[in-house]
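Visitor: I would like to take a close look at a single part of this structure, and then see how that part fits into the rest. Please take your time over the answer.

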Amino acid sequence: MPITISEVGRKYPGGIVALESVSLVIPDGQFVSLIGPSGCGKSTLLAMLAGLDAPTTGRVAVSGRVGMVFQEPALFPWRSVRDNVSFGLQMRGVGKRERESRADDALKMVHLSRFAGAYPHELSGGMRQRAAIARALVADPEVLLMDEPFGALDAQTRSLLQSELLSVWETTRKTVVFVTHGMDEALTLSDRIVLLSARPGRIIADIVIDAPHPRDPQTDPTLRAAYEMLRDLLTKEVESVARAEHDGDWEGVGKRTMEPEASVGADI
Ligand SMILES: Nc1ncnc2c1ncn2[C@@H]1O[C@H](COP(=O)(O)OP(=O)(O)OP(=O)(O)O)[C@@H](O)[C@H]1O
Ligand SMILES: [Mg+2]
């Protein structure tokens with residue numbers, strides 16, 4: 001298995017427990033979305049998978065190369081798109097000709113070939129995020145880690161990049177771990193959705209989404225049922241946290257959080 005997370009906990013200095021006893025095995029080629037309330041440890045878990053952080057208890061094992069995409073593309077403004085994408089290869093001592101040709105292949109996958117010579121300030125937000133995805137793909141990683149990669153984009157651009165990501169995934173079948181606040185996004189993209197509780201993050205649901213692509217979470221009954229189940233769990237979670245935190249004020253808070261959401265596609 002490319003990713004095995006066993007009984008992982010993470011306590012930060014100062015005493016905040018971000019994650020508690022998280023176990024997850026992700027098979028080769030699976031597209032998994034991680035969702036959960038803000039601060040529940042999603043980015044912490046992804047950082048561990050990327051080798052940027054270590055658990056305080058338990059164990060994380062990732063086999064193969066890893067590519068990472070963050071919410072902000074963080075490109076070097078003084079390097080062209082191609083040179084941004086090939087930067088990691090340059091650091092590893094790959095020769096100019098080879099790294100440029102690999103950067104161009106990665107840019108082709110995200111439909112950014114025409115802008116290989118452009119600089120980041122000449123790109124739209126969506127194009128910059130495509131460049132960040134190309135940068136993660138250039139080393140042909142087995143595992144792609146994405147931390148709210150489309151969170152800062154407008155709805156149309158987000159939906160376009162979602163379809164592009166799906167087509168990259170369908171052709172390469174990389175293992176993807178995708179963090180999002182968008183239920184719609186998770187339902188549109190993933191084979192599997194893992195829901196974490198409020199901090200300390202523990203797994204409270206792990207569901208398989210078996211529906212063909214392209215998907216429409218508004219109309220597909222499988223997706224609607226999954227949505228409703230996840231929403232109910234989240235509502236219960238928010239309710240219990242609010243109860244613990246607000247004590248006497250609980251009733252008003254509870255009423256608001258228990259109201260049914262207007263439509264599929266709510267963000268959390
Ligand atoms: N370097 C750090 N030092 C101390 N506490 C930290 C550190 N990084 C994260 N935390 C805390 O750990 C908890 C989990 O943080 P994390 O960034 O993993 O959450 P998240 O689920 O990604 O949240 P969001 O959805 O808002 O991005 C938070 O309460 C955060 O304040
Ligand atoms: Mg985060």
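Which residues of β6 lie on one side of the strand and which on the other, and are they buried or exposed?

Guide: This is a predicted model, and what follows should be read with that in mind. On one side of β6 stand V143, L145 and D147, on the other L144 and M146, and every one of these residues is buried, so that both faces of the strand are covered. The strand runs over residues 143-147, and the count of buried residues is accordingly five of five. The cut-off behind the word "buried" is 20 or more other C-beta atoms within 10 Å of the residue's own. For the protein as a whole, buried residues make up 37% of the 268.

The partners of β6 come next. Strand β5, residues 66-69, is joined to β6 by four bridges, and the two run parallel; within this pairing, M68 has L145 of β6 as its bridge partner. Strand β7, residues 175-179, also pairs with β6 in the parallel sense, here over five bridges, and L144 stands opposite V176 of β7.

These pairings belong to an open sheet of six strands, in the order β5-β6-β7-β3-β8-β9, whose pairing is mixed. Its edges are formed by β5 and by β9 (203-208), each of which pairs on one side only. On average, and with direction ignored, neighbouring strands of this sheet are turned by 15° against each other. Further along the order, strand β3 (residues 31-35) is joined by four bridges to strand β8 (residues 192-196), the two running parallel, and in this pairing S33 stands opposite I193 of β8. Helix α8, residues 221-246, packs on the sheet, where it touches β8 and β9, and its direction makes about 180° with that of β9.

The loops that follow β6 and precede β7 each hold a backbone feature that deserves attention. E148 lies in the loop between β6 and α6 (155-172), and although it is not a glycine, it has a positive phi of about 45°. Its surroundings differ from the burial described for the strand: E148 has 19 C-beta neighbours inside 10 Å and therefore counts as partly exposed. In the loop between α6 and β7 lies R173, another residue other than glycine with a positive phi, in this case near 50°. R173 is partly exposed as well, because 13 other C-beta atoms lie within 10 Å.

Towards the β9 edge of the sheet, the features to inspect are cis peptide bonds. One of them joins R199 and P200, with omega about -5°, and P200 is found in the loop between β8 and β9. Another joins H213 and P214, again with omega about -5°, and P214 has its place in the loop between β9 and α8.

R199 also leads to the ligand, since this residue is among those that surround ligand 1, a group that further includes Y12, I16, C40, K42 and T44. By class, the shell around ligand 1 divides into four nonpolar, six polar and two charged residues. Among the elements, helix α1 (residues 42-49) gives the most to this shell, with three residues.

Helix α1 in turn leads to another sheet, as it lies across β1, β2 and β4 and runs at about 55° to β2. Those three strands form an open sheet in the order β2-β1-β4, with antiparallel pairing. Each of β2 (17-26) and β4 (57-62) stands at an edge with a single partner strand, so one side of each is left without a neighbour in the sheet. The twist from one strand to the next averages 20°. Strand β1, residues 3-11, is joined to β2 by six bridges in an antiparallel arrangement, and L24 in β2 is the bridge partner of I5.

Finally, the setting of all these parts: the protein has nine helices and nine strands. Its radius of gyration is 19 Å, close to the 18 Å that the globule rule gives for 268 residues, so the protein is as compact as a globular protein of that length. Along the principal axes, its C-alpha atoms fill a box of roughly 65 × 40 × 35 Å. Of the contacts with a separation of 6 or more, 69% are between residues 24 or more positions apart.

Key: Residues are numbered from 1 along each chain as its sequence is written. Chains are lettered from A and ligands numbered from 1 in the order in which they are written. This is a predicted model: local features need pLDDT of at least 70, side-chain atom pairs count only at pLDDT 80 or more; totals for chains, interfaces and linings use all residues. A residue is near a molecule or strand if its C-beta atom, placed from the backbone, lies within 6 Å of it. Ala, Val, Leu, Ile, Met, Phe, Trp, Tyr, Cys and Pro count as nonpolar, Asp, Glu, Lys and Arg as charged, and the others, Gly among them, as polar. The radius of gyration is taken over C-alpha atoms; the globule rule is 2.2 Å times the number of residues to the power 0.38. A residue is buried if 20 or more other C-beta atoms lie within 10 Å of its own, exposed if 12 or fewer, and partly exposed in between; C-beta atoms are placed from the backbone. Two residues are in contact if their C-beta atoms, placed from the backbone, lie within 7 Å. Two strands pair if DSSP finds at least two bridges between them. Axes are lines fitted to C-alpha atoms, for helices over the stretch in contact, and angles run from 0 to 180 degrees between N-to-C directions.
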